[in-house]
Every structure is written in structure tokens, then in C-alpha cells.
Amino acid sequence: MLSRRNFITLAGRGGLSFAFANKTVAGVIQSFDTALLEATITIDFTNPEGTIDRAIYGQFIEHLGRAINGGIFEEGSPLSNKKGVRLDVLDKIKQLHPTVMRYPGGTFTKIYHWMDGIGPLNERRARPNLIWGGLDTNRFGTDEAITYSRTIGADPYFSVNMGTGTAEEAGNWVEYCNGIQDTYYANLRRKNGHMAPHKVKYWGLGNEEAAGPDIGRLQKVEDYVKEAWFYTKAMKLQDKSIKLILCGADDKAWNDHVLKEMGDVCDYISLHCYVGADKAKPASLFPHVEKLEKSILEIKQSIQANTVVKVTDFKKWYRFPPRPNPVKIAIDELGIWETGTGAYDLEDLYNWNHALGTATFFNIMQRQASVVGMATWAQTVNVLAPIMTSKSASVCQTIYYPMQFYREHAGNISLKCDVKTSDMQIPGSEGAKTLDVSATLNEADGTFTLFVVNRHPESAVKTRLGNIDSKKYNTVKAYELNAASILAINTLEQPHKNVVVKNEKRLSGIVSEYIFPAHSITALVYGKV
Ligand code: AHR
């Protein structure tokens, strides 16, 4: 659990109880200057940042607390189907439209043996969950995770065990999932009812292997690289087409080393980022969220310095090809981590301010599309999650809505923007700007979308929108997400009450100015009638 410590301020982890925050924040808000603020956004249509890979809109699930057992999977529940899949949760995840689903961890990966979770249910071994407590019944394993991923429309992404596992075990897992020949593990899959190969494309080489206290044994980068090469060979020889994700760390020397040594065969280097707000200072969330962009740019530099765009001189004796595309970043754990309840205090309640932070995360990833190739939100249900469950109900937290919103409105090309906006000037905001912006073009239908998050808890921002060709774009649909205040929350106590309000309006003519309401998330979709 390396990144949590690195990315979350101690004060943030100290906790923000809503009752306390409510009182304190209300007091602070009264002293803000509530005058209409002003900004300018100029979009650059000539020099796009790059293509947005839809794989950045993924989710992560781990055998941790009530994330899987008691979250997406609850045998015997009246809300589940015969296989134990909670249908209310499934429906909510489907509507989130995730493109990738990472499994089974996280730190849990370091003790996970995939063979425990296949075959007849009554023969599966229950094991103690040595990482997070409780036990893993193994009744939800490889085939269930793949079926679940495909049902929600996502590509499965498995992380392999580099702690208590072996390279051979990882290679066998690839064979079980993807093998097409008449071989032992491919036949085992067929025997378990899956005749066609699962075609699992994404495979992570461990998880946070640099983390000292974890059960892993590869904290020295030289050890990690040596072992990761062995795993790469054992896995790629089973299926040449798989994409590998190397463990990055919050350490430039580590990243430079793994990229230099393994840059020819890895498709992605991972980046983990968790943030929280400082105690009683909700605006402090935004400078913490913005650390993501700094980290992305640092790793981008490491990629440029240590890898080639195209690998040309790869020895045929490896018996598999080098990576076909430039190395990208997989942000395979991204989340907001306050102090919650449940296992390891990970059941967090998120207010509307957290939703504004979530939207900022998506703006950052869209802005940095040329190097961010994948991301999986940590996590999905009950643990640091957009969806919470009880035995009888489930609810979408505030952060669910911006995730869904960006997936719905983003185009495939990232456009650069020049943004002139004031500093928030609110305790804790430390130079964070009032507006945060990204823009995308949709090549299929010719529309472009401007995403604007006004993070100010009180002031609307009158914004001039420059460089928009009125002949090309003469109609705008404005979609807005908002809530009554930054402290609004959705709770399991009132599962049908949604504090998140969706507004939608059509504007015609030249839209070169727009007022973004306080604490709003807006997508202006420009098109032509
Ligand atoms: O998402 C919870 C934990 O955070 C993951 O298991 C670990 O990889 C990270 O530190």
C-alpha cells in the first residue's frame, strides 16, 4: 500500500466527519466574496493533444471487505440471482459504462492463487484473507470475474501474484484464460464450461511491488525487474498478444529503471493516486487532486527518456514480439480516500465536493490523453466506492455521477485549452484555480464537448468562450450536474433520494459566453443543426 501514504496528506487521512465539516464549512462559506467571478477559455482546434483511449474509464474491484463478497456478489440475498450476483448493483455498474475491470487486487493479489477460484463451487478452498482480514470463499474467481466484466461491457484486467506466487503459475493462468490448443489448462477452462477462450488482454505484473510493509519480496527495483522479466516470458510465451502493465512507484529512480530495463516489452507503467481533503478544509481536495497531473507529467518524462517510440531491434529468440505501441501510463488505482467505516475504515461517504474532485480527475486524464492509456477507479462497490450496499438496498454516491457523465459526453480526441481563471482563494485551496477544464472532439459526429468544473462553493463564473467557429458550431446542449451544496450526500438510509440534480438545456446561435454556476460540473456539447 505504497501510494496511499504518498498521495494522501496526513490531515486528510485524519478524517472529515460530515457533521464537523458541515458546521465548519458553513462558517467559512459565509465569509467568501460571492460576486460573480470571470474567466476566459480558448480552445485550440489546430493542435490536438491526442486520442483518448476509452480504457481510461475503467473500474477496480478487489477481495477487500465488502467490495466483492457482500458487494457485487451475495449468495442467498433476495436481491441476487441464482449465481449470487447482486442484480441491483449489477444494474448500477452497467449504467456506469466501465470499459475495463481490474481484479483481484490490489494488495490482495500478492497472496492470491487463481487455481483456488476455479471449478465446481463445492470443491473450492476457502482461504484466510491475510491482507484485509476475514476469508475468501473463492466462490467468486476467474470465470466469475470474466463473466461479470463481459456482462458490464468491460475488458477484464488481471494482476498476477508476484509475492507468494510464481511465474509458472502466472503463465498457467494466461493459458487457462486464453489458451486455444489441446492443453491441460485450456482444457480445464473448457471442463469448467467455457469452451471459447476468454481473451483476457490486460495483465498486471504485480501490484505496488515497491511497498515495504506489504507481503511482497521485490521492493528493490533490481529484484522486481529480474522477476518481472521472468514473468513476462512465462506469460507472453502463452499468449503473444497480451498487454503487460509494469509496476511504477512514487519514485523517479524506480520508474526510470523499470522503463529502461523493460521498456521494450511492457505496454504500460502503473501509477496509483489517492487523495483526501485536509481536516475541515474541503477546498484542499483540489490541490491534492492536481498532484495527479504532476505525477503524469513526471512519468511521461521518464517514458520519453528511457523508452523508444517503436522497438526495432528485438531478438527473435524471445519468441514473442516487442510491444507494438509506445509505452503509456495505466492509472490502475485512482480514488478519493478519507476515513470511513468498515474494514480498514475504507467505506467512505462522499459529498458533492468529492464529486467535483472526481470530475477534476477526469479532466486531468482527458487533458493528458497522449500518455494516459488506461485507468481503473479504486474502487467500485463499498470500498472507496461510488456504489454502497446494505443487505436490502444500494445507493449511488455523489462521485458516481461525474464518472458516468464523463463517459457519456467525452469524444475521442483531446483538445488543448488556454484557461484564464482566478485562484479559488479559499482556506486550503493553495493556488488551485476556480475552473478546471478539458475539451474533447467527437470525430464520429463532429461535435465537441467542453467540460468545465466550477469548484467554487459559492460563486458562479461568467466565462468567455473563445475561438469557437460559429459557422461550424451553431447549437449547444448544456448538461449540468449539481447539488444544493458541496456537503450534500446520498445515503443508504434514504436510497431513493438523490441529492445530485441533472439540468439539461439547448442553446442556439453563437454561444461565446456562459455562466458556470457555483459547485457545478458542466458539459457544453457544441454541434451544428
Ligand atoms: O484500494 C485499496 C488498496 O490501496 C489496494 O489494495 C492497494 O493496491 C492500495 O494501496
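**Entry 1. Annotated span**

I began with the UniProt record, an unreviewed entry, in which the annotation "domain: Alpha-L-arabinofuranosidase C-terminal" covers residues 332–520. I note that the model I am reading is predicted. For residues 332–520 I looked up the composition and found 14% helix and 35% strand. The C-alpha atoms at the two ends of this span lie 27 Å apart.

**Entry 2. Largest pocket**

I then turned to the pockets. The largest pocket holds about 440 Å³ of space. I listed 21 residues in its lining, and those closest to the centre are Lys-83, Val-85, Asp-143, Glu-144 and Thr-147. Which elements give two or more residues to this lining? I found α4 (87–94) and α5 (142–151). Of the elements, α5 gives the most, with five residues. By class, I recorded eight nonpolar, six polar and seven charged residues in the lining of the largest pocket.

**Entry 3. Second largest pocket**

For the second largest pocket I noted a volume of about 310 Å³. Its lining comprises 20 residues, and Arg-367, Cys-417, Val-419, Asp-436 and Val-437 are the closest to its centre. The elements that contribute two or more residues to this lining are the helix α10 (285–306) and the strands β15 (413–420) and β16 (435–441). I sorted the lining of the second largest pocket into seven nonpolar, five polar and eight charged residues.

I next asked where the second largest pocket lies with respect to domain 1 and domain 2. Domain 1 is made of 17–48 + 414–528, and domain 2 runs over 52–410. Both domains give residues to the lining, so I place the second largest pocket between them.

**Entry 4. Gly-509**

Last, I examined a single residue, Gly-509, which sits in the loop that joins β20 (501–508) to β21 (513–516). Is Gly-509 buried, partly exposed or exposed? Its relative accessibility is 33%. Buried would require under 20% and exposed over 50%, so I entered Gly-509 as partly exposed.

I also looked up what Gly-509 touches. Leaving aside neighbours within four places in sequence, I found Gly-509 in contact with Asn-474 and Thr-475. Finally, I checked Gly-509 against Gly-65, which is 444 residues away along the chain. The C-alpha atoms of Gly-509 and Gly-65 are separated by 52 Å.

Methods
Residues are numbered from 1 along each chain as its sequence is written. This is a predicted model: local features need pLDDT of at least 70, side-chain atom pairs count only at pLDDT 80 or more; totals for chains, interfaces and linings use all residues. Side-chain values use heavy atoms; hydrogens and water are left out. On a 1 Å grid over the protein atoms alone, a cavity is a set of points where a 1.4 Å probe fits but cannot get out, and a pocket is an open set with protein on both sides within 12 Å along at least five of seven lines; lining residues have an atom within 4 Å of a point. Grid points are joined across faces, edges and corners, and a volume is the space filled by probe spheres set on the points. Helices (H or I, at least four residues) and strands (E, at least two) are DSSP runs, numbered from the N terminus. Ala, Val, Leu, Ile, Met, Phe, Trp, Tyr, Cys and Pro count as nonpolar, Asp, Glu, Lys and Arg as charged, and the others, Gly among them, as polar. Domain bounds come from an automatic or database domain assignment. Buried means under 20% relative accessible area, exposed over 50%, partly exposed in between (1.4 Å probe, protein chains only). Contact means heavy atoms within 4.5 Å. UniProt positions are given in the numbering used here, feature names are shortened, and annotations may be inferred rather than shown by experiment.
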